[in-house]
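Student: Please give me a close look at one pocket of this protein. After that, I should like to be led from the pocket to other parts of the chain.

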Amino acid sequence: MSRPDALTPVPDVEPGTAGPPCAYARLRAEQPVVQAELPNGETGWLISRYEDARAAFADPRLIRPLLSAWPPREGADAPPPALPTFLEMTGEHHERVRRAVLPMFGRRQLEFMRPRIRAMAEELVDAMVEGAADGKAADLVASYAEPLPLRVLCETVGLPYEDREIYLPHTLTLLGAAGLSMEEVLAALYALQGYADELISRREKDGYGEDYIGLLLAEAHRPGGRLTRDDVVSFVVTMLMAGYKTNIQHTGNALLALLTHPGQLDKLREAPEGIGTAVEELLRFVPLMNAINILVATEDFTLHGQEIRAGDAVVPVPASANRDPEQFADADRLDLTRTPNAHIAFGHGPHSCMGGHLTRLQLATAIEVLLERLPGIELAVPAETIPWDESTPLRAPAVLPVRW
């Protein structure tokens, strides 16, 4: 991509917030498609309006590049290819894998996890209450928002919880990839892929089991099955990259949003049957992630008068799109009764997040259990004094002191 003399920087999230950056309001109004310098020094077209971002995710002219091959490096030996994650698969390969895996993540199919997630959440609340028996405030992040998503992921997917010291460091490295060299990113990616491969080998030797890894392995080894063994390895890597830290930080941010909007929280306490609608609004209002969504144009086209060339990076921004006043009335206000609510927190089109319903179920259960068990829960400190974890684009409160 040719680099203009002046590039718009990718807007920064205001310190002490999850975003979206306020600067996107100006871009939506004045420069809905604009060339920007990405955190890794590359150039990409930022797309900030809802209608354009939603269309970009579904546009067949825009494809996700391999993490191990973008940005392309000229004059250097190409690194050994990594297996594509589910987000990076294209064409027939992607269609085949998605058809095989997507049914497992449907709303009805996930009902078996509801009592399990509730039991995990209640166990964590019990431990938090017991630990705060001396009257001190409890930390809702360390006690609840952080351990719950990992336990849910391990039980659903079939990841060994006891291996977390092996796979989590590589996962966290990849989620903070914007500030790393390509060599560091690739090292973490290959290490995570290697762990997944070794885990699959163990499962092939010891028995498939009834979790998602086991079900996919059975399909991969079935004569005429729609999956390959490498597809199952890719599934493990994808779930770690997309289903771990994003859920931890969104859960913490969602709980903070509720605790800092006591009027909205009171309404939810009074009408808990509205939890599904409330979760959709929390997904719209609180960015599920602020990381860069890179797509690459496969042909030339024009959008809002801008000439996008084949090979250019295109960056739709869900956090901005979900605050677009052209789509959402009073878009910067949290309204737990908002409906309809066609947010794009999980993307859109053929690469929309397969784990969306699991994230919804997990967040809804976490809120339900918390309000049932601790109906008087509130922040124990002023919100403006809460320290933040801003080590990755997935910004969230580092601690959430609460009392009840």
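Tutor: A pocket is an open set of grid points where a 1.4 Å probe fits, with protein on both sides within 12 Å along at least five of seven lines. Please keep in mind that the model is predicted. The second largest pocket holds about 460 Å³ of space. Its lining is made up of 24 residues, and those nearest the centre are Thr17, Ala18, Gly19, Phe285 and Arg323. Two or more lining residues come from each of the helices α1 (23-30) and α11 (245-259).

Glycine 19 leads to a detail of the backbone. The peptide bond that joins glycine 19 to proline 20 is cis, with omega near 5 degrees. Proline 20 itself belongs to the loop between β1 (8-9) and α1. A cis bond is also found from threonine 339 to proline 340, where omega is near -5 degrees.

Proline 340 takes us to the loop between α14 and α15, which deserves some time. Aspartate 330 is placed in this loop, and its phi is near 50 degrees, a positive value in a residue other than glycine. Phenylalanine 346 lies between α14 and α15 as well. Is phenylalanine 346 buried or exposed? Its relative accessibility is 10%, and since buried means under 20%, phenylalanine 346 counts as buried. Leaving aside residues up to four places away in sequence, phenylalanine 346 touches Leu283, Leu288, Ser352, Cys353, Gly356, Thr359 and Arg360. Methionine 289 is 57 residues from phenylalanine 346 in sequence, yet their C-alpha atoms are 9.7 Å apart in space.

One of the residues touched by phenylalanine 346 is serine 352. Serine 352 is also in the loop between α14 (318-321) and α15 (356-373). With residues up to four places away left out, its contacts are Arg98, Phe346 and Gly347. With arginine 98, serine 352 forms a polar contact from side chain to side chain, at 3.1 Å.

A positive phi value appears elsewhere too. Histidine 304, in the loop between β7 (301-303) and β8 (306-308), has phi near 50 degrees although it is not glycine. Its relative accessibility is 44%, and because partly exposed covers the range from 20% to 50%, histidine 304 counts as partly exposed.

We now turn to strands. Strands of a sheet pair through backbone hydrogen bonds, either parallel or antiparallel. In this model, three strands form an open sheet in the order β5-β13-β10, and the pairing is antiparallel. At its edges are β5 (138-139) and β10 (378-379), each of which pairs on one side only. Strand β10 is joined to β13 (residues 401-403) by two bridges. Opposite leucine 379 stands valine 402 of β13.

Finally, consider helix α6 (residues 147-158). At 1.5 Å a residue, its twelve residues should span 16 Å, and its end C-alpha atoms are indeed 16 Å apart, so expectation and model agree. Why can α6 be called largely enclosed by the rest of the structure? The reason is that ten of its twelve residues are buried. These buried residues of α6 include Pro147, Leu148, Val152, Cys154 and Gly158.

Notes. Residues are numbered from 1 along each chain as its sequence is written. This is a predicted model: local features need pLDDT of at least 70, side-chain atom pairs count only at pLDDT 80 or more; totals for chains, interfaces and linings use all residues. Side-chain values use heavy atoms; hydrogens and water are left out. Helices (H or I, at least four residues) and strands (E, at least two) are DSSP runs, numbered from the N terminus. A polar contact is a pair of N or O atoms within 3.5 Å; within protein, one must be able to donate a hydrogen and the other to accept it, and residues adjacent in sequence count only if both atoms are side-chain atoms. Contact means heavy atoms within 4.5 Å. Two strands pair if DSSP finds at least two bridges between them. The expected span of a helix is 1.5 Å times one less than its number of residues. Buried means under 20% relative accessible area, exposed over 50%, partly exposed in between (1.4 Å probe, protein chains only). On a 1 Å grid over the protein atoms alone, a cavity is a set of points where a 1.4 Å probe fits but cannot get out, and a pocket is an open set with protein on both sides within 12 Å along at least five of seven lines; lining residues have an atom within 4 Å of a point. Grid points are joined across faces, edges and corners, and a volume is the space filled by probe spheres set on the points.
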